[in-house]
Every structure is written in C-alpha cells, then in structure tokens.
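The paragraphs below move from one helix to the chain fold and then to the contact between chains. Please keep the sequence and the model side by side while reading.

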Amino acid sequence: MNDEIDHGPESDMGSAAADALPREWMPEAAPPDGHPTWDSRTARIMVAVEPEWARLRLGARERAASWLSEMGSWLRPAAALAAAAVALLFLVVEPPASAAPILTTDDMALSLIVSDGDPVALWAALGVPADPVLALLTFEDHGAMAAPASPTTPSEEGIR
Amino acid sequence: MAGGEDSDETLARRVQTGDRQALERLVRRYIRPVHAVVASFLADTTQVEDAAQDTFLRALRAIDRYDPRRPFAPWLYQIARNVARNHIAAHAVRSTDPLPMEGPEAREPAPDLAAERAEIRERVEKQLGRLPEQRRTAFRLVDVDGMAAEEAGRIMGLSPGTVRAHVHHARRQLRDALAEYAAVTKDHGG
C-alpha cells in the first residue's frame, strides 16, 4: 500500500528527504487518488447520508410551502386593507371644482339675452365682476373670434 | 482540481439548492483528505472510517449555514477536526495513552525485523498523538499521505510555508522521541 504513494517532486518528502523519517516508520498511508477503494467509500457515504438528504430536502420544501402560506395569510388582509383605502379615497375626496366657467358661444348668446346687452351684467351673470369698459372690449373680441361669419356683434348693433 | 471543473464553492451552492450529484462530487473530491485529517487524530481504522462518514453527514446537515463566498475546504476541515475530537472523547483517548518508558536497550532484541518495525510504527503513532493538532495533521497529509504542502495548506486554511514549518517541527519532534530506535534500526540494517 505504501508503495502506491507517489512522493514525487511536488511532495515535500522529496524536497527534504534528509529531514524526513524513514518510510517504514510511518503509519500506513491512505490509497492514492483514483484507487477503487475511494469509489466504494464514496458510495457507502452516499448511502449513509441518504436519509439525511431526504430529510433536508423535505424540510426545505416544507419551509418553502410554509413561507408561501405565511405570505398568503399576510397578503390577504393587506390586499383587503388596500382596497378599502382606495374606496375611501373615492368617497371622501371630491374632484376639484373648476376655477372659472368655460364659456361657449351658445352660453354667451343666452347670457347676452339674460343680461339685456349689458356686458357688465353679462359677466356678472357668469360670476365675474368686470370693469364696464374692459367687459365691453373683451366681449367684442370674443364675439369677433367666435362668430367670424357674422360681422355684426350685439354691441355694434347697440352702438348703431 | 482540473481546469474547467466546478469549484468546491459552486458545488456546495448547488448542494444547498438540492443537487444530489453535486454532493456526490464533493464527497468524491474530499473523501481522501477527510480520511487523512481524521486519521491524524484516530488510530483505529474503523474509527477513521466512521469519523470520515460522520464528517460528510455533519457537513450536509450544516450546508445551509455554509457561506459559498468562503473557501469550502477549510470549512470541511474544521468539521472533520471536530468530528475526530468527538470520536476521541467518545472512545479511548490516544494522546493520553501512557508510553512505555523503557528504551530499546531494556527490552529483548526483536527476533524479527518486521515485528520491530511494527513496534516502531506503534510508537510513532503514539508520538504523533502527542504532537500539537495542526502539526500532526500537516505531518499526516504531507509526509504520510504524500500531499503537496500547497494542497495541504488549501485544505487546512494555512499557507504552504506554515504547513512546511509544521511538518518540519513534527519530523524533528518525532526524530528526537525516536532517536534510540534510529540506532537500533541502523544496527538491524533497516
């Protein structure tokens, strides 16, 4: 068995042969790498660890399953809570009111009738306090843009 | 380890994920060094076999706690040491066995050289048991099992220089303890 051990140049036995003890004094060396005895010992160890291997794999699967179920039990109430929060948000928060009314040509015409041709009254009817001169100018500009086909604005008609 | 082969750490990581083949490859790769390590603690062959098997079993149990960023060999070596120590505690403690105090001159000359060599080996085994742990393991790996200092150092987590120093001190210590046998062996032509 001892003869199978290669004490070649990479071994420290060779580099310090004078220092080394006589080989026959040494305890019996293990068989070298690749010896069939290592195959049989490996096989024996694999058989011996098999129950432990199975137990570990089973334990890992159980841990994974319990982790998922724990996550599920935590996620369900969390999801319900989130849904309730979103619903509450819709109930409590109203959409912001627009700062100023958007005027259309039709609105303008109807308001004009109501205001009896008075631009200040017209703007007042729309909730906008207006200077009489500026109100008139604004109204004329708007009328000119909104109805280019009609060259006569109500204010012009009034002037005539 | 040949080029292109998976590293120990890669294999250990695969064992952690449930790869049985990786486990077998690690066992195959380390069975000889593990045997050598536990043999540096235990004299009995059966105990060595049991301890080697136990080492892999415990390594498997602890594999989830192994950090693959750290070298695998010293981690396994520590387990092997602990297992061997436990075996020593559980069985007869070799290092505390009393050595026969009489020298070679006080005993009958050995009728047979082989018998005498066997006796010397037994004495070497006992002296080995008295060496400090790392010195003993380094001696076992390098001088007995013919491992290179670099490989022994990789397994023990030491530099090759430290391993060589351990081996050197072990040789000197053993030589000093067995000086009288050296003379006898010379007389017998051994």
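How many Å should the 12 residues of helix H6 of chain B span at 1.5 Å a residue, and how far apart are its end C-alpha atoms? In this predicted model, helix H6 of chain B covers residues 133–144, and because each step along a helix is taken as 1.5 Å, the expected span is 16 Å, which agrees with the 15 Å between its end C-alpha atoms.

The surroundings of that helix can be read from its burial: 10 of the 12 residues of H6(B) are buried, so the helix is largely enclosed by the rest of the structure. Among the buried residues of H6(B) are the charged side chains Arg135(B), Arg136(B), Arg140(B) and Asp143(B), together with Phe139(B), Leu141(B) and Val142(B). Just after H6(B), Gly146(B) adopts a positive phi of about 70°.

Turning to chain A, the secondary structure consists of 6 helices and 0 strands, which gives the pattern α-α-α-α-α-α along the sequence. Of the 160 residues of chain A, 11% count as buried, and among the contacts in chain A with a separation of 6 or more, 38% join residues that are 24 or more positions apart.

The contact between the chains draws on 30 residues from chain A and 34 residues from chain B. On the side of chain A that touches chain B, the elements giving two or more residues are helix H1 (12–15) and helix H2 (36–92), of which H2(A) gives the most, with 12 residues. By residue class, that side of chain A divides into 18 nonpolar, 3 polar and 9 charged residues.

Terms used. Residues are numbered from 1 along each chain as its sequence is written. Chains are lettered from A and ligands numbered from 1 in the order in which they are written. This is a predicted model: local features need pLDDT of at least 70, side-chain atom pairs count only at pLDDT 80 or more; totals for chains, interfaces and linings use all residues. Two residues are in contact if their C-beta atoms, placed from the backbone, lie within 7 Å. Helices (H or I, at least four residues) and strands (E, at least two) are DSSP runs, numbered from the N terminus. The expected span of a helix is 1.5 Å times one less than its number of residues. A residue is buried if 20 or more other C-beta atoms lie within 10 Å of its own, exposed if 12 or fewer, and partly exposed in between; C-beta atoms are placed from the backbone.
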